[in-house]
Amino acid sequence: KFIIFNSKSKFIIVQSLIVYSKSTKNGIISSYLFNQKFMNKFIYIFLLILFTQQLANCQDSTTLTHEIGAEESAKMSVYRQSRDFTATNPPNGTVRNIAEFEPMESVLVRYPFGVPVSFIAEMSEDIVVTTICANINEENSIRSTYTSSGVNLDNCVFLHAPSDSYWVRDYGPWWITDGADDFGIVNFPYDRPRPNDNDIPIAVSNDLNVNLFGMDLEHTGGNYMCDGMGVAASTDLVWEENSSMTHDEINEVMNDFLGIHTYHVLIDPPGDYIKHIDCWGKFLDVDKVIIGQVPVSDSRYGDYEFVANYFAQAISSYGVPYQVFRVYSPGGYPATPYTNSLILNDKVFVPQSGSQWDDEAIAVYEEAMPGYEIIGIMSDNWEDTDALHCRSKGLADKGMLHIYHLPILGEIDNQNDYEITATIKAYSGESLYADSLKVYYKVDNSDYQFVALTTSGNDLYSVTIPMQDAGSEISYFIHAADESMRSENHPLIGISDPHVFSIKQPTAPILSVSEAEVELTMAADETETTTIQLSNIGTGTLDFSIAFTDFSLSNFVNANPLSGNIVAGNSTEIILSFDATGLTDGEYTANMVVTDNSKGTVNIPITLTINGTSAISSPTEVLQKIRSYPNPFSDEVTVSFDVMESINATFEVFSLTGKLLYTANEDCSAASTQKFVWNSGSNNSVPTGIYVYRITTQKSAVFGKIIKLK
C-alpha cells in the first residue's frame with residue numbers, strides 16, 4: 001500500500017498497489033509483500049506529517065482577510081518588486097470596457113466558497129457558474145455539494161487553478177472589446193501579495209482562449225466600476241497604490257487599456273477599511289448610481305453626502321446628470337453593505353442579513369431598476385462592507401448583441417421628427433433578424449407602436465419618430481435580435497424602463513426692460529444721453545419698435561435704434577438722447593412706448609427736469625444753440641454753435657478718464673454758425689463709448705457728451 005498527497009487539492013488519497021511479475025513459464029503471479037509492521041509504522045508517520053502540513057495550509061488560508069493583514073502588509077513592498085507580472089502593449093484601436101450590467105455568459109466563484117451555495121443554485125437557473133477549484137478531486141467534491149444543494153450541474157463548469165482567497169471581484173478579469181471587435185481580458189498587478197489570485201485572469205484567458213493584455217497599474221476590482229461607455233470611478237486608493245505615477249499618467253493608462261476617457265477618483269466615505277468603491281457605491285446603469293447612506297449622527301455622514309452630491313452634479317455618458325439612489329447602510333451587525341450587490345443580466349442579487357433595513361434596501365433597488373428581478377441573498381457571513389459583489393464576478397458574453405445609442409432625454413424643442421440612431425453589432429457573427437430591428441415608442445399613456453430601423457452600412461441604423469404635439473411625453477426603446485437566438489434592448493431592460501423625453505410647450509418671446517421709468521435733470525440748452533436695456537427672456541425672436549407720445553411741451557428725447565429684433569436670451573441697448581435747447585426751468589414729461597410681438601406694449605414714463613438756465617443761453621454769452629449730430633455717431637460727429645461776437649474758440653474731446661483725444665482752434669466771426677468735426681476713426685481711432693467735448697472761449701467753457709457706436 002502507499003499514500004498519495006495532493007497539497008493543492010488538500011485531499012489525502014489512500015490507494016492499494018500490488019506489484020507483480022508474470023512468469024512466462026507457468027503464468028503464476030507472484031505478489032511482493034512488504035513487512036506489515038514496518039508498513040503500518042510508515043503509514044502512521046507519513047499521515048502525521050501530512051496532517052500537520054494540511055493543518056498549516058488550512059490555517060494559512062483561513063487567516064487571509066479581505067483587508068490586507070499586518071503580515072501581508074509587511075510582505076507587500078518586497079512582493080511588488082518580485083511578483084511575476086507581464087506588461088503588454090495596449091489593445092489596438094478603439095477599446096471599450098464592458099460594464100457589470102451588460103450581458104454575461106457566466107459568473108465566477110471560488111472554492112472554498114465565500115457565498116452561500118443557495119446563491120450559486122439561484123444563479124445556475126439562468127447562467128453558467130464557473131467555479132475555481134484546485135483540481136479534479138475538488139471538482140468532484142464540489143459536484144457532490146452542488147447536487148445535494150439543488151445547483152443545476154448542466155450550467156456548471158470548473159476552472160482548475162490554484163487560488164488564495166474567494167474575493168474574485170478583486171482579482172478577477174476585466175473585460176474589453178478592441179478595435180478589431182475581439183473580446184479580451186485586461187490583467188493588472190493585484191494589490192495583495194497573493195500570487196495565485198493574481199494569476200486567475202491568465203487562467204481564465206487560457207481557458208476561454210481570449211486575448212490577454214497586461215496593464216501595469218496596481219489595482220483591484222472592488223475599487224472599480226465603469227459604465228461601458230468610457231466613464232469609470234474609483235476611490236483615491238488608485239492614486240495611493242501608484243504613487244510613482246502622476247494622475248495624468250494613470251488616466252492615460254486607463255484610456256489606453258480600457259478606453260476610459262473620464263475617470264472619477266473620489267474620497268472613500270467609510271474611511272477606515274479597504275477603500276473599495278463597491279463598499280459604498282455602484283453604477284446601476286449608464287446614468288444611474290446607488291450610494292450608501294448613514295445617519296446624520298455618524299461622523300462619516302458629510303463624506304457620504306459629498307460623494308452623493310458629486311454624482312448628482314456630474315454628467316453621465318447620456319449627457320444628463322446621474323440619477324442618484326440612496327440605500328440606508330448604517331453599519332454594525334446585522335447591517336449589510338447593500339451597495340455590494342451583483343447585477344447579472346436581468347437579475348439583481350442584494351445581500352441580506354436579517355437587518356430591519358433589508359426590506360427597505362430591496363424597495364430602493366425595485367424603484368431604481370424596474371423590470372429587473374430583485375432577489376435578496378441571506379447570509380450571516382456578510383461583513384459591513386463585504387458581501388456577494390466582492391465574492392462573485394460576471395464573465396462577459398463573448399457573443400453578445402450590443403446596441404450603442406445616445407438617447408434623447410429630457411425636455412426638447414418641437415421638431416418635425418425625432419431621429420433615433422444606433423450602432424448594432426452581433427459579436428456572435430450571426431446575422432441580425434431584419435424584422436426584429438425596431439424602435440418601439442408610445443406617446444403619453446397610449447399603447448406602444450413601432451417604426452422599423454434602416455441601415456446605412458457599417459452596423460449603423462436609424463429611424464425617425466414622427467412629430468408630436470407640444471407637451472407630449474415620448475417613451476421609447478430599441479430592439480434587435482440575431483440568429484444566435486440573442487435578443488437585446490436599449491436601454492437593457494427595455495419596456496419596463498424606457499428612455500423618455502418630452503416636447504416643450506411653445507412660448508412667445510418675452511420683453512424685459514431694465515428701467516420702469518426714466519428721470520433726468522439738466523440745465524437749459526444742454527444735451528445728455530442715457531441707456532436702457534431691452535432683453536428677450538422668452539423663446540423665439542422678439543421684434544420691437546419704439547415711439548414717444550404724450551409730450552408735455554415739445555420733442556426733447558429720441559431713441560437709437562427705434563426698432564430691431566432680439567433673439568432668445570439676448571439683449572440690446574437703447575440710447576436715449578435728451579436735448580434741452582430752448583427749454584426753461586421746469587418739468588417736462590413724455591411716454592416711451594415699446595411695442596413688441598409678445599405681449600403688446602410697454603410704457604416707460606420719462607421725466608426731464610430743467611434746473612437753472614445755462615450760461616450759454618444768456619443773451620450776453622457769445623455762443624448759443626450748441627448741438628451735436630449725429631449723436632450717437634459711428635465715425636464722425638459734428639458739434640455746431642451760433643457765435644454772437646467775434647471770438648477765438650477751442651474744441652477738445654476727452655475720454656471719461658480725462659485723456660485728451662482731439663483738439664482744434666478756430667477764429668469765429670460774429671453772427672455766424674461755427675462747426676467742429678471730430679472723426680474718431682482717422683483722428684486717434686477710439687472704441688465704442690461715451691466721450692466729453694469742451695468748447696472754450698475767452699469768456700466761458702461749455703461741456704457736452706457724445707456717444708460713439710460700433
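This note sets out numbered points on the fold, the cores, the aromatic pairs, the cysteines and some backbone details of the structure above.

1. Status and overall make-up. The model is predicted, and every point below should be read with that in mind. Its chain has 710 residues, of which 50% count as buried. The secondary structure comprises eleven helices and 47 strands. When contacts between residues at least 6 apart in sequence are considered, 69% of them join residues at least 24 apart.

2. The largest nonpolar core. This core has 61 residues, and the members that touch the most other members are Met 215, Tyr 224, Met 254, Leu 258, Tyr 263 and Phe 311. Phe 311 may serve as an entry point for inspection. With residues up to four places away in sequence not counted, Phe 311 touches Met 225, Ala 233, Leu 266, Phe 283, Val 289, Ile 291, Tyr 322 and Val 324. A second core, separate from this one, has 45 residues, including Ile 127, Cys 156, Val 210 and Phe 349. As general background, nonpolar side chains in soluble globular proteins tend to be buried together.

3. Aromatic pairs. The structure holds 29 aromatic pairs. One of them joins Phe 551 and Phe 556 in an edge-to-face arrangement, with 5.5 Å from centre to centre and 90 degrees between the planes. How are the two partners placed with respect to the surface, buried or partly exposed? Phe 551 is partly exposed, because its relative accessibility is 23%, whereas Phe 556 is buried, with a relative accessible area of 3%.

4. A pair between two strands. Phe 651 and Tyr 662 also form an edge-to-face aromatic pair, at 6.1 Å between centres and 70 degrees between planes. Phe 651 belongs to strand S43 (residues 647-654) and Tyr 662 to strand S44 (residues 660-668), so this pair ties together parts that are eleven residues apart in sequence. Both Phe 651 and Tyr 662 are buried.

5. An aromatic cluster and a charge over a ring. Phe 551 and Phe 556 recur in a cluster: together with Phe 548, Phe 578 and Tyr 588 they form one aromatic cluster. Elsewhere, a lysine is placed against an aromatic ring. Lys 438 lies over the face of Phe 450, at 4.1 Å from the ring centre.

6. Cysteines. How many disulfides does a search of the whole structure find? The search finds zero. For Cys 390, the nearest cysteine sulfur is that of Cys 279, 5.6 Å away, and Cys 390 is in no disulfide. The cut-off for a disulfide is a pair of sulfur atoms within 2.5 Å, so a separation of 5.6 Å does not qualify. Cys 390 is buried, with a relative accessible area of 0%. Cys 668 is likewise buried, at a relative accessible area of 5%.

7. Cis peptide bonds. Two such bonds before proline deserve inspection. One joins Tyr 111 and Pro 112, with omega about -5 degrees. Pro 112 is placed in the loop between strand S6 (104-110) and helix H3 (117-123). Another runs from Tyr 629 to Pro 630, with omega near -15 degrees. Here the loop that holds Pro 630 lies between strand S41 (623-629) and strand S42 (636-643).

8. Positive phi outside glycine. Asn 458 is not a glycine, yet its phi is positive, at about 55 degrees. Asn 458 sits in the loop between strand S27 (454-457) and strand S28 (460-466), and it is exposed, with a relative accessible area of 70%. Asp 550 has a positive phi as well, near 60 degrees. The loop holding Asp 550 runs between strand S35 (542-549) and strand S36 (557-560). With 58% relative accessibility, Asp 550 counts as exposed.

9. A buried asparagine. Where does Asn 198 lie? Its place is in helix H6 (residues 195-198). Asn 198 counts as buried, because its relative accessibility of 3% falls under the 20% limit. A polar atom of the Asn 198 side chain lies 3.0 Å from the backbone nitrogen of Tyr 190. Beyond its neighbours within four places in sequence, Asn 198 is in contact with Tyr 79, Asp 84, Asn 187, Phe 188, Pro 189 and Tyr 190.

Definitions and conventions:
Residues numbered from 1 in each chain as written. Predicted model: local features only at pLDDT ≥ 70, side-chain atom pairs only at ≥ 80, totals over all residues. Heavy atoms only, no water. Phe/Tyr/Trp six-rings, centres within 6.5 Å; stacked < 30°, edge-to-face > 60°. Buried < 20%, exposed > 50% of the residue type's maximum accessible area, 1.4 Å probe, protein only. Helix = DSSP H or I, 4+ residues; strand = E, 2+ residues; numbered from the N terminus. Lys NZ or Arg CZ within 6 Å of the ring centre and 35° of its normal. Polar contact = N/O pair within 3.5 Å; in protein donor to acceptor, adjacent residues only side chain to side chain. Contact = heavy atoms within 4.5 Å. Core = buried A, V, L, I, M, F, W, Y, C linked by side-chain atoms within 4.5 Å.
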